[in-house]
Amino acid sequence: MWSTYCKSKGGKKGARTAERRLYPLLVNDVDGPVDWSLLQRVHLGEELPPLGQPGKAGEAIRTFLKRQPTWQSIAAEAAAEGQELVPYSFRHRYSATGHGRGLQPKQMADAMGHSLEVHMGNYARFMTRDLASAFEVANGVMASQPIAESAADKGKPQPREGKSFKG
């Protein structure tokens, strides 16, 4: 599936995003990944929400969602937690899920149709802050297995949390 929607690149006069392939990130349910097969559903004649006039799809989607009982229920839950549910929440969730599954910032920026700079400015909050786990994954170490000390480090004092270490 492709997006032919091209929007302003923000900050670059006249620059527009390019058409791009849309990549799904499957939802993980209790029974595993769920593939809604959007393209297949469209081919079978399932109607998409009305998109309104060109350039006004966001407003049309917002109106459509606000009329749906499921959306109203989720919005009420979010409000009870002091949060706001908006159609843009889908993009935020897409970014958070992609980063959580190990996709790199440039890959997510390309998939979402903006520059790396824009992505980092808007979506960096969804990237992992668990530095130790990230390095364990990079080194192929299971979280339950501590990283073995190198011979050069054996016997050296280890820094305490939050303290600098000069060795």
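**Group meeting talk: a helix pair and two loop residues**

Hi everyone, let me start right at a contact: from helix α4, Arg-91, Tyr-94, Ser-95, Gly-98 and His-99 meet Pro-105, Met-108, Ala-111 and Met-112 of helix α5. Sorted by class, that contact between α4 and α5 is made of five nonpolar residues, three polar ones and one charged one. Please keep in mind that this is a predicted model.

Now, how do these two helices sit against each other? Helix α4 covers residues 89-100 and helix α5 covers residues 105-112, and their axes come within 10 Å. The crossing angle is roughly 150°. Angles over 145 degrees count as roughly antiparallel, so α4 and α5 are roughly antiparallel to each other. As for handedness, α4 and α5 make a right-handed crossing.

Let's step back to the whole chain. How many helices and strands are there in the chain? There are seven helices and four strands. Along the sequence the pattern reads β-β-β-β-α-α-α-α-α-α-α, with the four strands ahead of the seven helices.

A few totals for those of you who like numbers. The chain has 167 residues, and 16% of them count as buried. The exposed area of the chain is about 13,500 Å², with carbon and sulfur atoms supplying 56% of it. Then there are the contacts: taking those in the chain with a separation of 6 or more, 28% are between residues 24 or more positions apart.

Next, two single residues that you may want to click on. The first stop is Ser-37, in the loop between β4 (32-34) and α1 (38-43). If you pull up its backbone torsions, phi of Ser-37 is near 45°, which is a positive value in a residue other than glycine. Is Ser-37 buried, exposed or partly exposed? Its relative accessibility is 23%, and since buried means under 20% and exposed means over 50%, Ser-37 counts as partly exposed.

The other stop is Thr-4, and here we are in the loop between β1 (2-3) and β2 (20-21). Thr-4 has a relative accessible area of 58%, so this residue is exposed. Where is Arg-21 relative to Thr-4? In sequence the two are 17 residues apart, and in space their C-alpha atoms are 8.9 Å apart.

To wrap up, I'd go back to the helix pair on screen: α4 and α5, roughly antiparallel, with a right-handed crossing. Thanks for listening, everyone!

Notes
Residues numbered from 1 in each chain as written. Predicted model: local features only at pLDDT ≥ 70, side-chain atom pairs only at ≥ 80, totals over all residues. Heavy atoms only, no water. Buried < 20%, exposed > 50% of the residue type's maximum accessible area, 1.4 Å probe, protein only. Contact = heavy atoms within 4.5 Å. Areas by Shrake-Rupley, 256 points an atom, 1.4 Å probe, with all protein chains shown as cover. Axes fitted to C-alpha atoms, helices over the stretch in contact; angles between N-to-C directions. Parallel < 35°, antiparallel > 145°, perpendicular 65-115°, else oblique. Left-handed = near helix turned anticlockwise from the far one by under 90°. Nonpolar A, V, L, I, M, F, W, Y, C, P; charged D, E, K, R; others polar.
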